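These are my notebook entries on a structure that I had not examined before. I began with the whole chain and then turned to a single residue.

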Amino acid sequence: MLGGDALNAAAGETLALIALVAVLAWAVTRPGGWPEAVAAVPAAVILMAAGAIGVSDAITEARLLGPVIGFLAAILVLAHLCDDDGLFQACGAWMARTGAGPGKLTGARRLLAQVFVLASVTTAVLSLDATVVLLTPVVFATASRLDVRARPHVYACTHLANSASLLLPVSNLTNLLAFAASGLAFPRFAALMALPWLAVIGTEYAVFNRFFAADLSVRPGRVHQDRAKDTPLPVFTLAIVALTLAGFVGASAAGVNPAWAAFAGAAVLAVRALARRRVSPVSLVRAVDVPFLLFVLGLGIVVKAVVSNGLGTALAPLLPGGTSLPALLATAALAAALANVCNNLPAVLVLLPLAAPSGAGAVLAVLLGVNIGPNLTYTGSLATLLWRRILRQHESAPDLGEFTRLGLLTAPAGLVVAVLALWAALHLVGG
């Protein structure tokens, strides 16, 4: 043990890189189903004990991540309570009722359009985890009701969980980190990302219609009406979600951390659900997903150690300065490549400190790369890994070749159009 004595640069970088690889490998494989924090927290402690990162630096990093982690906890509870109130089941019933109706589109194509709308909105408002964990099973059930092939629609869930998570700071953990680094107010962040969000969703939709043409051309059978008509829309829950979104904007304008609005929305739904005995305190604690929050904290400290011991210096020359179109394209491409190599969460933690001096435009270009790029590989984002496990539970494990081919068609094209849209938005709205 080296105690508090700092390691030399080479040894510190080597130890930090080994720790990062070990943490990511555990997160990808999750041996025995153990949570990601089982590797991340000990790795952070070991790096501090060995002197690869100072205790004071680790505490500073934890303080920086604290508000982000709190925000994430509130959003996870909010999404859980929306599911418990039947919001996603109501959406599935609506898709089933309208999916086989008359019109120019086949039931499968109409369902794909509905999934794109719902997944994009769900990802933007309730985070990508809600789309992967809560909406994907609903899409499976709806496809079964309509007697259509589920493959295009469940692939849309994972792609949009990543690429459609650009619009709001609450849509993705990477967004929360970028929002904190950008210095932007909530409304300006959304205004700058609206065009890229629409551009990448449109690109994905066009590619999906061509790529899955055979699946989408199949005519559906009869709709199974077992429960398609008796799932009411939870109006109160929708109203609380809308008020929470308004609270994000208002809090940001008032200089208050928007996490308080998320806490307020989650608290209202939680009190109501507890009073009605719809949930238990234990289920709410589980919804917070404390092990995952500890994983985020541990991973942040590990990545900070990697950056401090040389990776930041090595990557700095590769990141162009400024917000010209070539610079934005290069920044987004580097972020996408790094996300597929080491997962998008470490990638954004590494690149944000390097991009921030160039301004909000560069920070948002990093965000485009780490959100759109992961559609290329399974390991690009934790949400994709979780989606793959859900498909296996439904005995519909995705094919690696098909996943990769679809990613090659969507990720580069989506990244280019999104960067072009961001460049236009920076000139129209101002960064």
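The entries below record what I looked up, in order.

Entry 1, the model. I note at the outset that the model is predicted.

Entry 2, secondary structure. I looked up the elements of the protein chain and found 19 helices and zero strands. I then checked the radius of gyration, which is 21 Å, close to the 22 Å that the globule rule gives for 431 residues, so the protein chain is as compact as a globular protein of that length. For the extent along the principal axes, I recorded that the C-alpha trace spans about 70 × 50 × 45 Å.

Entry 3, burial and contacts. I found that buried residues account for 54% of the 431 residues in the protein chain. Among contacts with a separation of 6 or more, I recorded that 80% join residues 24 or more positions apart.

Entry 4, surface and charge. I noted an exposed area of about 17,400 Å² for the protein chain, with 67% of it supplied by carbon and sulfur atoms. I also looked up the charges: there are 25 positive and 18 negative ones, and their mean positions lie 11 Å apart.

Entry 5, one residue. Where is Asn 375 found? I located Asn 375 in the loop between helix 17 (360-372) and helix 18 (382-393). Is Asn 375 buried or exposed? Its relative accessible area is 0%, so I entered Asn 375 as buried. Leaving aside residues up to four places away in sequence, I listed the residues that Asn 375 touches: Thr 158, His 159, Asn 162, Ser 163, Glu 204, Phe 403 and Gly 407.

Notes: Residues are numbered from 1 along each chain as its sequence is written. This is a predicted model: local features need pLDDT of at least 70, side-chain atom pairs count only at pLDDT 80 or more; totals for chains, interfaces and linings use all residues. Side-chain values use heavy atoms; hydrogens and water are left out. Helices (H or I, at least four residues) and strands (E, at least two) are DSSP runs, numbered from the N terminus. Buried means under 20% relative accessible area, exposed over 50%, partly exposed in between (1.4 Å probe, protein chains only). Contact means heavy atoms within 4.5 Å. The radius of gyration is taken over C-alpha atoms; the globule rule is 2.2 Å times the number of residues to the power 0.38. Accessible areas come from the Shrake-Rupley method with a 1.4 Å probe; for residues, only the protein chains shown count as cover. Lys and Arg count as positive and Asp and Glu as negative; His and the chain ends are not counted. The place of a charge is taken as NZ of Lys, CZ of Arg, CG of Asp or CD of Glu.
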